[in-house]
Amino acid sequence: MIQFLAQHKTERVQVNSSLEQIRLYIERHITENIKLAEISKDMYLSQEHIIRSFRQKYGVTPHKYILQSKIRIAMIMLHATDYSIEEISSRLSFSDPHHFSAQFQKHTGRRPSAYRKQFR
């Protein structure tokens, strides 16, 4: 029984360590077009396992975590820079400015231009 518990604890630590590595990878590469398939391949874990475990630990899927992180950075860029919406979209690796604007509005309730005007 003790051996089983010790092995189970080690497995849980390894899973949490893997999840932390994934989260840190996302943070370091947030301006890139991050693909879960590539992370899965590099970590030797299935995408389904990553999604399930990530959601269990952080409360959101990796995709949603990436999107929320990009929106937070976009909010900062809209407030602190004069970059155009197109440039912010490009710098954060959104597929196009319309997709970026739609996602920004979905998460903040405002279009990027309206958000920027609020602070000017």
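Among contacts in the protein chain between residues at least 6 apart in sequence, what percentage join residues at least 24 apart? It's 54%, with a contact meaning heavy atoms within 4.5 Å.

**View 1. The whole chain is a predicted model with 7 helices and 0 strands.** Helices (H or I, at least four residues) and strands (E, at least two) are DSSP runs, numbered from the N terminus. Of the 120 residues, 30% count as buried, i.e. under 20% relative accessible area, with exposed being over 50% and partly exposed in between (1.4 Å probe, protein chains only). Residues are numbered from 1 along each chain as its sequence is written, and side-chain values use heavy atoms, leaving out hydrogens and water. Since the model is predicted, local features need pLDDT of at least 70 and side-chain atom pairs count only at pLDDT 80 or more, while totals for chains, interfaces and linings use all residues.

**View 2. Helix α6 covers residues 97–108.** Its 12 residues should span 16 Å (1.5 Å times one less than the number of residues), and the end C-alpha atoms agree at 16 Å apart.

**View 3. Here are the two sides of α6.** Phe100, Ser101, Gln103 and Phe104 are its buried residues. They fall within an arc of 170° seen down the axis, so they line one face of the helix; the arc is taken over directions from the helix axis to the C-beta atoms. Their cover includes α4 (62–80), α5 (85–91) and α7 (112–118). His98 and Lys106 sit exposed on the other side.

**View 4. Now for the ends of α6, starting with the cap by Asp96.** A side-chain oxygen of Asp96 lies 2.9 Å from the backbone nitrogen of His98, capping the N-terminal end. Just after the helix, Gly109 takes a positive phi of about 85°.

Note on methods
A polar contact is a pair of N or O atoms within 3.5 Å; within protein, one must be able to donate a hydrogen and the other to accept it, and residues adjacent in sequence count only if both atoms are side-chain atoms.
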